[in-house]
Amino acid sequence: MSSSEQNYDVIVIGAGHAGCEAALAASGMGVRVLVLCGNVDTVGWMPCSPSVGGTGKGQLVKEIDALGGFMARVADKTAIQHRTLNTRKGPAVQSSRTQNDKLLYHKEMLGLLAHRENLDLKQALVAKLLIEAGRVRGVEDQTGFHHQAPFVILATGTFLSGLVHIGHTSIQAGRAGEFASYALAVQLRDLGFIMGRMKTGTPARLDKRTIDFSCFTPHPGEESPRALSLYTTGIPLPQVPSYLGRTSERTHEIVRQNLERSALYGGVVKGIPARYCPSLEDKVVKFRERDSHQVILEPEGLDSHEIYASGLGNSLPVNIQTELVRSVRGLDEAEIIRPAYAIEYDYLLPTQLLSTLETKKVAGLFSAGQINGTSGYEEAAAQGMWAGINAACRVQGRPPFFLSRSEAYMGVLVDDLVTRGTSEPYRMFTSRAEYRLLLREDNADLRLMGHGFELGLVDREALDAMEERGRHCQKEIQRISARIIKPGPEVNDYLRDRKTAPLEMATPLSQLLKRTELDYRAVKALAPPPEPLNPRVEQQVEIEVKYEGYIARQIRQVEGFRDLEQRVIPEDFDYASVHGLSNELKEKLAELRPRSVGQASRMEGITPAALWALAISIKAGRRAGSGAGQEPAL
């Protein structure tokens with residue numbers, strides 16, 4: 001059997017968003033990386049919506065960027081629309097989103113991989129993992145060629161036993177037009193991994209030359225777009241609008257009349273769909289009281305005629321899809337370039353992973369992205385970076401990389417997956433983060449860039465710039481907290497103009513800034529800083545001052561959380577010996593093997609009494625022969 005003469009430290013299987021960030025992170029840390037993908041022409045591809053970010057997802061993108069990843073940089077270079085979501089709500093739930101030129105995004109990401117030091121990109125379909133004595137040694141591709149490395153990252157997306165459905169026609173494919181991976185899925189089962197089946201889908205792409213856009217409402221991006229990445233100095237591409245419309249009663253009638261011909265409702269699809277991104281069939285069936293649903297026409301690129309018809313996703317036969325699309329006002333003569341389809345695929349139950357995303361059954365084998373049960377480019381990229389960093393740490397003999405739930409959305413994502421698992425495609429939301437006021441987009445660099453520097457993924461210049469922003473922020477907060485604004489005609493006229501109450505007594509400027517009607521512009525009008533500040537610093541100052549009390553309360557909550565997280569459970573701890581736990585809980589704990597009492601507290605079925613019994617046993621075990629039985633302070 002032929003083998004590669006090239007020695008690699010890490011092999012990444014797949015070059016979607018998880019695979020790309022995994023490879024870039026590991027190679028950036030100085031280890032030799034090989035990326036194997038079925039088609040080099042689809043590196044960094046956007047098979048569904050050509051967009052990056054969104055509610056909760058934008059926070060992940062900012063965190064990847066702060067650690068030294070590349071998703072935000074590529075998104076800024078290829079963005080044709082920037083938006084900030086939830087601007088009428090507080091900063092904890094505001095998230096950035098870009099609409100991207102699909103082809104340019106692919107080209108930019110491909111260029112990064114192709115020119116990256118320590119990284120080789122090759123086209124090959126992996127058929128088998130090479131395993132010896134319970135640990136991975138490399139992979140075998142479908143030609144029988146061996147590629148050797150002590151660490152392998154599975155970033156297979158929807159390709160494991162992928163099956164595309166259009167009506168009752170089913171095609172073995174990882175995505176429309178690309179080969180699926182069946183042999184690898186079979187091997188994972190044979191190795192004893194518990195696999196599940198999930199379903200996702202994508203709507204039709206329409207020819208924009210056949211659409212009457214006058215029937216739709218233009219939905220432009222921001223007039224002054226803000227970059228996603230800290231490294232972006234300008235937005236290079238022209239910004240274009242999306243278009244909003246509605247389905248009709250006729251649309252819904254077509255769906256109802258053809259439900260038995262749908263792959264989803266006709267019994268063809270067995271995988272579990274996402275509740276948060278329902279197909280049109282689901283919306284018509286489950287929300288019968290609604291006479292219309294939103295349709296968003298999103299351009300796929302500046303030089304592309306393809307329009308992504310968000311809201312019209314379905315798994316109906318092509319002739320029915322055409323009838324359905326043309327029932328929407330403005331799409332009366334629309335032509336379908338690519339039909340909508342559903343796809344189901346195998347995933348690995350993520351409770352079989354350590355917090356590093358390394359599998360428990362096979363040493364050196366990591367997994368990231370949709371194979372772990374998640375949905376979305378951003379969730380995949382975050383896991384890819386996490387797995388890539390940890391694989392490189394293993395190569396270099398460094399401690400594992402880990403972020404807690406109180407430090408990052410990435411920490412929330414990984415902890416949710418490995419602790420609770422998921423029975424449906426997992427999607428990130430701001431509501432999943434208990435400490436979301438501390439985990440805002442605007443402070444991602446302050447939270448995480450130091451970690452990126454220690455890993456070798458962030459350079460000294462970027463770190464210095466971040467630290468300088470932090471100093472300016474604290475200095476300005478101190479200044480406006482000490483500055484007293486006295487009532488007077490000029491001051492009160494300004495406040496009346498801003499629709500807020502005039503002053504009757506001298507008031508600290510920081511108290512004025514806490515008023516709902518005022519923002520940092522009031523600071524610049526009433527007591528401007530000695531030197532102009534960076535807009536990002538201004539934003540940071542405003543948030544820190546306005547939400548000072550809430551932030552202080554969350555910091556206190558985090559301190560209690562950290563206490564439980566720091567109570568580490570020995571790897572060889574005997575859960576069967578813990579008195580006061582049900583046999584079911586003992587089995588769950590033994591299978592999951594949580595790394596800390598904090599992680600154990602988030603498991604399904606753990607009660608306060610069970611947690612107490614566990615904590616007592618852990619403390620007794622650590623102090624064998626002295627003080628056994630003493631109750632720990634929880």
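**Stop 1: aromatic pairs**

Start with the rings. This predicted model holds seven aromatic pairs. Select tyrosine 276 and phenylalanine 429. Their ring centres are 4.7 Å apart and their planes meet at 70°, so this pair is edge-to-face. An angle over 60 degrees is what earns that label.

Now find where each ring sits. Tyrosine 276 is in the loop between helix H6 (249-257) and helix H7 (280-286). Phenylalanine 429 is in the loop between helix H10 (409-420) and helix H11 (444-455). The two parts are 153 residues apart in sequence, so the pair ties together distant numbers on the chain. Is tyrosine 276 buried, exposed or partly exposed? Its relative accessible area is 33%, so tyrosine 276 counts as partly exposed.

Next, select tryptophan 386 and phenylalanine 402. Here the ring centres are 6.0 Å apart. The planes stand at 85°, so this pair is edge-to-face too. Tryptophan 386 belongs to helix H9, while phenylalanine 402 is in the loop between H9 and H10. They are 16 residues apart, and the pair links distant parts of the chain.

Colour these two by accessibility. Tryptophan 386 has 0% relative accessibility and counts as buried. Phenylalanine 402 has a relative accessible area of 30% and is partly exposed. Add Phe401 to the selection. Trp386, Phe401 and Phe402 form one aromatic cluster.

**Stop 2: a charge over two rings**

Move to arginine 73. Which rings does it lie over? One is phenylalanine 70: arginine 73 lies over its face, 4.2 Å from the ring centre. Another is tyrosine 231, where the charged end of arginine 73 sits 3.9 Å from the centre of the ring.

**Stop 3: the nonpolar cores**

Go back to helix H9 and select residues 377-396. This helix gives eleven residues to the largest nonpolar core, the most of any contributor. That core has 92 residues. Which of them touch the most other members? They are Leu129 and Ile389. In soluble globular proteins, nonpolar side chains tend to be buried together.

Zoom in on isoleucine 389. Ignore its neighbours within four places in sequence. Its contacts are then Ala25, Met29, Phe401, Leu455 and Leu457. Phe401 should look familiar from the aromatic cluster.

There is also a second, separate core of 23 residues. To find it, select some of its members, including Val255, Val295, Leu324 and Val325.

**Stop 4: a buried glutamate**

Select strand E17, residues 294-299. Glutamate 298 lies in this strand. Is glutamate 298 buried or exposed? Its relative accessible area is 5%, so glutamate 298 is buried. The cut-off for buried is under 20%.

What does its side chain meet? One polar contact, of 3.1 Å, goes to the side chain of arginine 97. Another, of 3.4 Å, joins glutamate 298 to the side chain of serine 49. Now show everything that glutamate 298 touches, leaving out residues up to four places away in sequence. You will find Ser49, Arg97, Gln99, Ser242, Glu306, Ile307, Tyr308 and Ser310.

**Stop 5: strand E20**

Select E20, residues 341-348. How many of its eight residues are buried? Eight are, and the strand is mostly covered. Look at the side chains. Tyr341, Ile343, Tyr345 and Tyr347 point one way. Ala342, Glu344, Asp346 and Leu348 point the other way.

Now show the partners of E20. Strand E13 (residues 195-202) runs antiparallel to E20, and eight bridges join them. In this pairing, lysine 199 stands opposite glutamate 344. Strand E11 (residues 163-166) also pairs with E20 in the antiparallel sense, over three bridges. There, valine 164 stands opposite isoleucine 343.

**Stop 6: two positive phi angles**

Follow the chain on from E20. The loop between E20 and strand E21 (365-367) holds leucine 357. Leucine 357 is not a glycine, yet its phi is positive, at about 75°. At 0% relative accessibility, leucine 357 is buried.

Last, select lysine 499. It lies in the loop between helix H13 (489-497) and strand E23 (507-508). Lysine 499 is not a glycine either, and its phi is positive, at about 60°. Is lysine 499 buried or exposed? It has 70% relative accessibility, so lysine 499 counts as exposed.

Terms used
Residues are numbered from 1 along each chain as its sequence is written. This is a predicted model: local features need pLDDT of at least 70, side-chain atom pairs count only at pLDDT 80 or more; totals for chains, interfaces and linings use all residues. Side-chain values use heavy atoms; hydrogens and water are left out. A nonpolar core is a set of buried Ala, Val, Leu, Ile, Met, Phe, Trp, Tyr and Cys residues joined through side-chain atoms within 4.5 Å. Buried means under 20% relative accessible area, exposed over 50%, partly exposed in between (1.4 Å probe, protein chains only). Helices (H or I, at least four residues) and strands (E, at least two) are DSSP runs, numbered from the N terminus. Contact means heavy atoms within 4.5 Å. A polar contact is a pair of N or O atoms within 3.5 Å; within protein, one must be able to donate a hydrogen and the other to accept it, and residues adjacent in sequence count only if both atoms are side-chain atoms. Two strands pair if DSSP finds at least two bridges between them. Rings of Phe, Tyr and Trp (its six-membered ring) pair if their centres lie within 6.5 Å; planes under 30 degrees apart count as stacked, over 60 as edge-to-face and the rest as tilted. A charge sits over a ring if NZ of Lys or CZ of Arg is within 6 Å of the ring centre and within 35 degrees of the ring normal.
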